[in-house]
Amino acid sequence: MKSEQDFDAVVVGAGFAGLYMLHRLRSEGYKVRVFEAGDGIGGTWYWNRYPGARCDIESMQYSYQFSEELQQDWEWQEKYATQPEILRYAEHVADRFDLRRDIQLGSRVTAAVFDESTARWNIDIESGGGSQQVTAKFCLMAVGCLSTTNKPDFAGLEEYRGAVYHTGEWPHEGVDFAGKRVGIIGTGSSAMQSIPVIAEQAAHLTVFQRTPNFGVPAWNAPHDPAAVRAVKADYAGLRARAKARPTGVDFPFNEFSALSVSDAKRREIYEEFWNRGGLTFLGAFDDLLLDEAANETAAAFVREKIREKVTDAEVAELLAPKTIIGCKRLCVDSGYYETYNRPNVTLVDVSETPIEAFTATGLTVAGKLYEFDAAVFATGFDAMIGSFTRIDIRGRGGLPLREKWEAGPRTYLGLFTAGFPNLFMITGPGSPSVLASMIQAIEQQVDWIIDCMDYMGKEGLTVIEAEVADEDAWVQTVNDAAAGSLRSTCSSWYLGGSIPGRPRVFMPYIGGFPVYVEKCDNVAAAAYEGLRLT
Ligand code: FAD
Ligand code: NAP
C-alpha cells in the first residue's frame, strides 16, 4: 500500500529544469515532490550571487516560453539580466504557477536505488531535520550541469586565515571587499564577470591565471521599450527562429567561410559582430568552430582588441589566449580587460609554475608569497556529471552510476542511461544542454519526457529503459559530432578538464539543437525506439 511518502515522480533540483518539470507533472495529474538542496529555488541563480553575475544569452531569449502570458507579462530590465533579476523571475514563476507547495527546500538527495522487485526508486534525503526516505515510480534528475562547485585541493588551504569564497556558493548577505586585499583564482566566465566589480571595491586584487580566456564585450544596456514591444508582438516568431538554430538562440549569422572573403571584408565583418557583442560574435562566419585557419582569423582579431585595451604590453600578452577561440566556452565581459589598467590589479601567471600552496596570509607561486585578506575561487564546476555522481545512484543489480560512468558518461539522448529504468535526466550528458540556450533545451526535454510518461500510462506500461545497443550508438554519435568540432581540441569543462583525473570525453551533444530535437521526435514517433518498455 502506498503511503504519503510514495510518489509517482520525484524531481531532484529546483532550478529552471525542476520548476518546469514540476509544473508539467502536476498539470498532468502526477503526484510529485521536488527535493532541492538549497534553501531557495532558482538553482544556478540561487547559488551564483557573486558581484557582476548575469546571463550571457539575451534575457528576451534566456527565459521560459511555455506560457505566452508569462513571456508577455515579464519585463526584463536589461539586455543581459543580473542574477537578482533572474532569481526574481524564477520566484515569480514559482508563485505564479503555485509550485512552492510541492518543493521541499534544504533537502539533499544522497541516494537513489532502483528496487527491481517493486520497479520503484527508493530515494534517501538529508535535510536539517535528519534523514528521510521516499519512493517514486519515476526519478527525474534536474540536478544541473553547473551545480557542483570545483574546489581545487590546494596544499595548506586549512592554514589560510583569511576568508575563502567560491563564486558558485556566494554568501547571501554579500561580501564587502572595501579596503581588503583580494586574491582570485581562475579567469573563466565567473571570474571575468566578477573581477571588474571586485577591483572597484577592493584595496588590491591579485588575479591568478592558469589559462587566459577570450572575452567579447557584452555592450549590456537597459532595454529599448520599442524593441521589446516588437519582440512581444511576435514572441512565437523569435522562439521559432531560435529553435531552428544549432545553438537554440536567434542572432544574426553569416553562412560563409572566414577564408572566402578579402582581409578588408573579413575585418569589416568582425568589427560589425564585435560591435553587436556577446556570444554571437562566433556567428561572423560559419566555419569558425570547424576550421583552424578560419578560427585563427577570429582569434587574431580578438587578440588585437585585447592589446588595444590593455596598456601594459606584457600584461596584454599574458591575457591574450594563443589558442582556438570558442574552444573553451567564450566569455562575455563588461570592462574585464580594462580592469588590468587599474593600479590596484595584478595579474599572476600560474600556467608554467602552478599555485604551490596556501599559507596563513596568502599563497605561493614559484616560491613567491602573494598576500591577501580574502580568497575568491572562480574555479568553476565539476561540470555535467558532478551532480549525478555525488548521489549514490544504483540501477539494476545494484550497479552504481559512478561505476558505469567511470570512463565517461554513457546515455541515450542524454535522457536515459541503460540499466537505470524510469530514471530521466534533464540536460544530461549527451544532450545539447550547455551548447544550447539552456532554458529552451530544458523545456524541450521536459515536454518530451512528459509525452513519454503519458504514452506509458495510456499503453499500460510501467518501466522504460534504454537498450544498451542504442545507447552505444548514441554515445558514438555524440563522439563523432565532437570529433568534427574544434571544441574537442583543448582542455575545457566540456571535456571534464577542470577535474584532475577525469577521462577526456566531450560530454554535451554538439550536433546542433534542431538535429537533436528531430532525433528525439523520431524516437517518440517510432513508439520510443531504442527504449525497452514493459
Ligand atoms: P541548476 O540551475 O543548476 O539547478 C539544479 C539544482 O539542483 C540546484 O539548485 C542544486 O542545488 C540542485 N541539486 C543538485 N543536486 C542535488 C541533490 N543531490 N539533491 C537536491 N538538490 C540537488 N545558461 C544559459 O543558457 N545562458 C546563460 O546566460 C547562463 N548563464 C550562467 C551563469 C552562471 C554563473 C552559471 C553557473 C551558469 C549559467 N548558465 C547559463 C547555465 C545554467 O546553469 C542554466 O542556464 C540553467 O540555469 C540550469 O538550470 P537547471 O535547473 O538545469 O540547473
Ligand atoms: P570555468 O570556466 O571552468 O573557469 C574556471 C577557471 O578556474 C579557469 O580559468 C581554470 O583554469 C581555473 N582553475 C581551475 N582550477 C585551477 C587551479 N587548480 N589552479 C589555477 N586555476 C584553476 O568556470 P566558470 O568561470 O565558473 O564558468 C563555468 C561556466 O558557467 C561557463 O563556461 C558558462 O557556461 C557558465 N557561466 C556563464 C556566465 C555568464 O556569463 N552568463 C558566467 C559564469 C559562468 P583552466 O582554464 O586552466 O582550467
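**Contacts, pockets and rings**

User: What makes the pair formed by ligand 1 and the T44 side chain a polar contact?
Analyst: In this predicted model, an oxygen atom of ligand 1 lies 2.7 Å from an N or O atom in the side chain of T44. The cut-off for a pair of N or O atoms is 3.5 Å, so the 2.7 Å pair counts as a polar contact.

User: How do you know that F16 and M438 contact ligand 1 through the backbone?
Analyst: Look at which atoms are paired. A polar backbone atom of F16 is 3.0 Å from an oxygen atom of ligand 1, and for M438 a polar backbone atom is 2.9 Å from a ligand 1 oxygen. Both values fall within 3.5 Å, so both pairs pass. As for cover, ligand 1 has 980 Å² of accessible area on its own, and the protein covers 96% of that.

User: Which elements give two or more residues to the shell around ligand 1?
Analyst: They are α1 (16–27), α2 (44–47), β4 (107–115) and α13 (438–459).

User: What makes A17 one of the residues that surround ligand 1?
Analyst: A residue belongs to the shell if one of its heavy atoms lies within 4 Å of the ligand. There are 31 such residues, and A17 is among the closest, with E36, T44, D56 and Y62. By class the shell has 19 nonpolar, nine polar and three charged residues.

User: On to ligand 2: how do you know that R210 and K328 contact it through their side chains?
Analyst: A polar side-chain atom of R210 sits 2.9 Å from an oxygen atom of ligand 2, and one of K328 sits 2.7 Å from a ligand 2 oxygen. With the cut-off at 3.5 Å, both therefore count. S189 also takes part, but with a backbone N or O atom, at 3.0 Å. The protein covers 88% of the 910 Å² that ligand 2 has accessible on its own.

User: Which helix gives the most to the shell around ligand 2?
Analyst: Helix α5 (residues 189–201) does, with three residues. The shell has 23 residues, S190 and W493 being among the closest, and it splits into nine nonpolar, nine polar and five charged.

User: What makes α13 stand out in the lining of the second largest pocket?
Analyst: Its share: α13 supplies six residues, the largest contribution. α7 (235–243) and α15 (513–525) also give at least two each. The lining has 14 residues, with K243, E443, Q444, D447 and V517 nearest the centre, and the pocket volume is about 240 Å³. By class, the lining has five nonpolar, three polar and six charged residues.

User: Why is the aromatic pair of W474 and Y509 called tilted?
Analyst: It is part of a count of 45 aromatic pairs. The W474 and Y509 centres are 5.0 Å apart, with 45 degrees between the planes. Ring centres must lie within 6.5 Å, and stacked needs under 30 degrees while edge-to-face needs over 60, so a pair at 5.0 Å and 45 degrees is tilted. W474 is in helix α14 (residues 468–483) and Y509 in the loop between α14 and α15, so the pair ties together parts 35 residues apart in sequence.

User: How do you know that Q132 has polar contacts with both Q5 and Q104?
Analyst: Q132, in strand β6 (residues 130–141), has a side-chain contact of 3.4 Å with Q5 and one of 2.7 Å with Q104. The limit is 3.5 Å, so both distances qualify.

Technical notes:
Residues numbered from 1 in each chain as written. Chains lettered and ligands numbered in written order. Predicted model: local features only at pLDDT ≥ 70, side-chain atom pairs only at ≥ 80, totals over all residues. Heavy atoms only, no water. Polar contact = N/O pair within 3.5 Å; in protein donor to acceptor, adjacent residues only side chain to side chain. Areas by Shrake-Rupley, 256 points an atom, 1.4 Å probe, with all protein chains shown as cover. Helix = DSSP H or I, 4+ residues; strand = E, 2+ residues; numbered from the N terminus. Nonpolar A, V, L, I, M, F, W, Y, C, P; charged D, E, K, R; others polar. 1 Å grid on protein atoms, 1.4 Å probe; cavity = no way out; pocket = protein on both sides within 12 Å on 5 of 7 lines; lining within 4 Å. Points joined across faces, edges and corners; volume = space filled by probe spheres on them. Phe/Tyr/Trp six-rings, centres within 6.5 Å; stacked < 30°, edge-to-face > 60°.
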